[in-house]
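Dear colleague,

Please find below the structure that I promised to pass on to you. After it comes an account of what was found.

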Amino acid sequence: MKATIAVAALALFALPAHGAAIQPRDAVKEDAPNGYAPVRVTCPVGIKVRRADLKLGPLAPEEAAYISRKTASSVPAWKAYLENVGLQGLNITEFVKTNGVAGRTMPNVAFALSGGGYKALMHGASILAAFDGRNATAVAAKIGGIQQLAQYASGLSGGALLLGSWAEAGYPTLEGMRDEAWDFRGSFFTSPLKNTPAAPLALIAKASAGYPVSALDLIAVNINGRLLNTTSNNPVHTTYHSIREQPQFQAATVPYPLIVSLGVNPDQFNITLTSPGYEFSPHEFAVNHPSVGTAAVPIEYLGTAFRKERVSDLLCTTGFDNSGIVTAASGNIVGGQDRDALAALAMGNPQLESLLGGVPLKNAATTVRALQPSTWLASSYAELNLVDGGFGKESTPYFPLLQPSRMVDVIIAADGNSPYSTYTKSLLPGWEGYPFPIVPNPTDFVAMGLNKRPGFFGSACTKTSPTTPLIVYLPLYSDSYDISIQSAALLTAEDEQGTGMGSALRRKTWLGRLVSHAHVLVDGQQARNGVDRTEECSACFTKWCYVP
């Protein structure tokens, strides 16, 4: 099936890197305590499940502190961006608050990076590159700098591969990731031994430590070896929470990353729009669902057994949140509807079976322990299987950004599908607290050509209640090059990587269209400030808004 990428974004992405790119094998923090295998350690005093109200919060203290610092650190970036764009009638000095609060006195911007395997990774990367303030061409086109304004970024499946590898590498330029980090030779599924020969040793070590291994662990180790950039030729020693040690994260100058997955019962496969979603942040592993609110545990102790919101013994697991398994879980189709056939690619491999030396290889998803059965929602077991969030019909991770306590104003969506499923979900009983813009059904969406151009969706367009975030929809569509890649299997070849990243058409019209983002970024805050839209801003909304 053909799929294509937005032109101007990839045109910018195809240009030589501007600003510092990462150097080979030097960025990722290799901090895992025992390689790929988790270990048992004495639990810290006071560790427990954090509970919160979905609508009132609060956020995790660490996340709240980060967002506050990020808002403050973004003041120079906001001033530089707005001065460069030159919006009509905007008093930048009055608009940019030195002690602002994101979502109240300052805009709160987020990126949502959709699933769809390789093509989704490339699409999201091209959008991030086109909005990068380190990209001189993007700055000259008046769209560079938006990346630096974002408070959050969420990723699912292919978008999680992008977000996880980018954050672990310290948020370099996306050209740097392309040139120095990503290696798409072969297939994550069918050639794990060829691409990462030490993968069986990693699985044996994990199994020997008393933790189940699955076909997904092969993919996880392969991800570590081919999407991350470390000091080792066999990079399997990085935890997801090591993102916190990156200088850019410590300085609070980069988006707060949220990777999304869905939970399923180990013995069943019954996923709907209301199936519980789980999110991995640099600080927590959490479930957010109307039936339980928020329940979260410190991510560095993922894998620890909890009972009645306390640890069940004096020992905790650490090192389970391996970066590869976190990102692989978000795109896990091994544990989905095709789990038996896909797992057989690994399980039926005589070489692998011999190398594993009798270690049983499960065909299900990644298996984690945390929280307790009452808060798993998807399972009454002490363990939970995680699968690709796209199985729940939401291929773009909007939901984490709809949490009222996060107060997100604008979601820039690198999307491969219509947002209709998320809109439908917001209308279901119990989900009214997560308002989402009105979106036409998929048939009408295509008939109106909304899948072929950027568009704005939200209450700012429709002038209706309740107030929703404004979605800036940037679709995969046919005005660019053909990337007919089997996204389900993440199959690519080295020459396709070069073509996909370097041969996009340049179309100046896209650059002019994307300048419109400046209006949507400030509109919500201007409304809170009691400032009417200018004629220029009104014309922008009239042109790009969907109004039923």
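A pocket, as the word is used here, is an open set of points on a 1 Å grid with protein on both sides within 12 Å along at least five of seven lines. Please keep in mind throughout that this is a predicted model.

With that meaning in hand, I begin with the second largest pocket, which holds about 740 Å³ of space. Its lining is made up of 36 residues, and those that lie nearest the centre are Asp409, Thr467, Thr468, Gly524 and Arg528. Two elements give two or more residues to this lining, namely helix H20 (459-462) and helix H23 (517-528), and H23 gives the most, with eight residues. Sorted by class, the lining of the second largest pocket comprises 17 nonpolar, 13 polar and six charged residues.

H23 deserves a further word, as it also packs against helix H24 (residues 535-544), with the two axes 10 Å apart and at an angle of about 110°. That angle makes H23 roughly perpendicular to H24. On the H23 side the contact is made by His519, Val520 and Asp523, and on the H24 side by Glu536, Cys537, Cys540 and Phe541. The residues of this contact divide into four nonpolar, one polar and two charged.

H20 leads to a backbone feature, for the loop between H20 and strand S17 (470-475) is where proline 466 is found. The peptide bond from serine 465 to proline 466 is cis, with omega near 0°. A second backbone feature is at alanine 252, a residue other than glycine whose phi is nonetheless positive, near 55°. Alanine 252 is found in the loop between helix H13 (247-250) and strand S6.

I turn next to the enclosed spaces. How many cavities of 30 Å³ or more does a search of the whole structure find? The search finds 10 of them, and the largest cavity has a volume of about 210 Å³. This largest cavity is lined by 23 residues, of which Val260, Gly277, Glu394, Phe399 and Lys425 are the closest to its centre. The elements that give two or more residues to its lining are strand S6 (256-264) and strand S7 (277-280). By class, the lining of the largest cavity has 11 nonpolar residues, nine polar residues and three charged residues.

The second largest cavity contains about 140 Å³ of space. Among the 18 residues that line the second largest cavity, Arg50, Leu59, Asn288, Thr294 and Arg406 are the closest to its centre. Here the elements that give two or more residues are S7 and strand S8 (284-289), and S8 gives the most, with three residues. The lining of the second largest cavity divides into six nonpolar, six polar and six charged residues.

Last come the disulfides, of which a search of the whole structure finds two. Cysteine 43 and cysteine 316 form a disulfide in which the sulfur atoms are 2.0 Å apart. The torsion about the S-S bond of this pair is about 110°, and the disulfide is therefore right-handed. Where in the chain do cysteine 43 and cysteine 316 lie? Cysteine 43 is in the loop between strand S2 (39-42) and strand S3 (50-52), whereas cysteine 316 is in strand S12 (residues 315-318), so the pair ties together parts that are 273 residues apart in sequence.

With best wishes

Methods. Residues are numbered from 1 along each chain as its sequence is written. This is a predicted model: local features need pLDDT of at least 70, side-chain atom pairs count only at pLDDT 80 or more; totals for chains, interfaces and linings use all residues. Side-chain values use heavy atoms; hydrogens and water are left out. On a 1 Å grid over the protein atoms alone, a cavity is a set of points where a 1.4 Å probe fits but cannot get out, and a pocket is an open set with protein on both sides within 12 Å along at least five of seven lines; lining residues have an atom within 4 Å of a point. Grid points are joined across faces, edges and corners, and a volume is the space filled by probe spheres set on the points. Helices (H or I, at least four residues) and strands (E, at least two) are DSSP runs, numbered from the N terminus. Ala, Val, Leu, Ile, Met, Phe, Trp, Tyr, Cys and Pro count as nonpolar, Asp, Glu, Lys and Arg as charged, and the others, Gly among them, as polar. Axes are lines fitted to C-alpha atoms, for helices over the stretch in contact, and angles run from 0 to 180 degrees between N-to-C directions. Angles under 35 degrees count as roughly parallel, over 145 as roughly antiparallel, 65 to 115 as roughly perpendicular and the rest as oblique. Contact means heavy atoms within 4.5 Å. A disulfide is a pair of cysteine sulfur atoms within 2.5 Å.
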